[in-house]
Amino acid sequence: MSKLSDAQKKLSAEAFKQYDKRDEGKIRVGDISSVMKAVGHSVKAEWLEKMDEFIDTEGTGYVMMDEFLTILEKKITTDEDERELKDIFRVLDKEKKGEVDTNELRWILKNLGDDLTEDDIDDMIADVDTDGSGFVDYEEFAKLMME
């Protein structure tokens, strides 16, 4: 089941076609970010590297339209997940300081129902609160929640 609306598919096909110079139904791997930008999504090289298993699966140097749509869907999902994480972080950052108390995180992790032991939780928090300040910023929080 596709997460893309008909309008998104149409826009994607039009953008894809602009880079499909020979009308062969494929674009060069190097053009992925340009096509993504044309459909309203900027992608960083690091993100594309994480998507490596979906990009050019046959090793041809090209991406077919269906592969591109899969990559686009992953990007949309990633963006939605990041928005949700930012919203959660804003709620937890009660004093609007750009950081969350690790005691608050400890309580959340304990109540997620993932059968985490106290030691598991201590390890997870120690992994992200590397300076031992008792607080984590958004980047650290995102790392913790995405593990």
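Start with the whole chain in cartoon view: it holds seven helices and four strands. The model is a predicted one. If you colour from the N terminus on, the elements follow the order α-β-α-α-β-α-β-α-α-β-α.

**The overall shape**

Switch to a C-alpha trace and line the view up with the principal axes. Along them, the C-alpha atoms of the protein chain fill a box of roughly 60 × 30 × 30 Å. The radius of gyration is 20 Å, whereas a compact globule of 147 residues would come out near 15 Å. Colour by accessibility next, and 33% of the 147 residues count as buried. A contact map is a good companion here: among contacts with a separation of 6 or more, 57% are between residues 24 or more positions apart.

**Stop one: the aromatic rings**

Show the side chains of Phe, Tyr and Trp. How many aromatic pairs does a search of the whole structure find? The search finds three. Select F89 and Y138 for one of them: their arrangement is edge-to-face, with 5.6 Å from centre to centre and 85 degrees between the planes. This pair links distant parts of the chain, since F89 sits in helix α4 and Y138 in helix α7, 49 residues apart. Both F89 and Y138 are buried.

Keep F89 selected and add F141. These two rings make a tilted pair, 5.4 Å centre to centre with 55 degrees between the planes. F89 belongs to helix α4 and F141 to helix α7, so this pair ties together parts that are 52 residues apart in sequence. On a surface rendering, look for F89 at a relative accessible area of 7% and F141 at 1%; F89 counts as buried, and F141 does too. Now display F89, Y138 and F141 together: ring pairs link them into a cluster.

**Stop two: a buried acid in helix α7**

Stay in helix α7, which spans residues 138-146, and select E140. Which side chain of opposite charge is nearest to E140, and how far away is it? It is K143, at 8.1 Å. E140 is buried yet has no salt bridge, because the cut-off for one is a nitrogen-to-oxygen distance within 4 Å. To see what surrounds this residue, leave aside its neighbours within four places in sequence; E140 is then in contact with V128, D129, T130 and F135.

**Stop three: salt bridges**

Side chains of opposite charge can pair when their charged atoms come close. In this model the count comes to 11 salt bridges, and a few are worth a visit.

- Return to helix α4, residues 65-92, and select D87 and R90, which lie three residues apart, about one turn of the helix. Their side chains meet in a salt bridge of 2.7 Å, N to O. D87 is partly exposed at 43% relative accessibility, and R90 is partly exposed at 47%.
- Select R28 and D31, whose side chains form a salt bridge of 3.4 Å, N to O. Are the two partners buried or exposed? R28 is partly exposed, with a relative accessible area of 47%, while D31 counts as buried at 12%.
- Select E24 and K26, where the closest N and O atoms of the salt bridge are 3.9 Å apart. E24 has a relative accessible area of 43% and is partly exposed; K26, at 25%, is also partly exposed.

**Stop four: lysines over rings**

Leave K26 on screen and bring up Y62. The charged end of K26 sits over the ring of Y62, 4.5 Å from the ring centre. For another example, select K21 and Y19: K21 lies over the face of Y19, at 5.4 Å from the ring centre.

**Last stop: T60 in its loop**

Finish with T60, found in the loop between α3 (45-50) and β2 (62-64). T60 is partly exposed, with a relative accessible area of 46%. Add V29 and draw a distance between the two C-alpha atoms: T60 and V29 are separated by 9.0 Å, though they are 31 residues apart along the chain.

Key: Residues are numbered from 1 along each chain as its sequence is written. This is a predicted model: local features need pLDDT of at least 70, side-chain atom pairs count only at pLDDT 80 or more; totals for chains, interfaces and linings use all residues. Side-chain values use heavy atoms; hydrogens and water are left out. Helices (H or I, at least four residues) and strands (E, at least two) are DSSP runs, numbered from the N terminus. Buried means under 20% relative accessible area, exposed over 50%, partly exposed in between (1.4 Å probe, protein chains only). Lys and Arg count as positive and Asp and Glu as negative; His and the chain ends are not counted. Contact means heavy atoms within 4.5 Å. Rings of Phe, Tyr and Trp (its six-membered ring) pair if their centres lie within 6.5 Å; planes under 30 degrees apart count as stacked, over 60 as edge-to-face and the rest as tilted. A charge sits over a ring if NZ of Lys or CZ of Arg is within 6 Å of the ring centre and within 35 degrees of the ring normal. The radius of gyration is taken over C-alpha atoms; the globule rule is 2.2 Å times the number of residues to the power 0.38.
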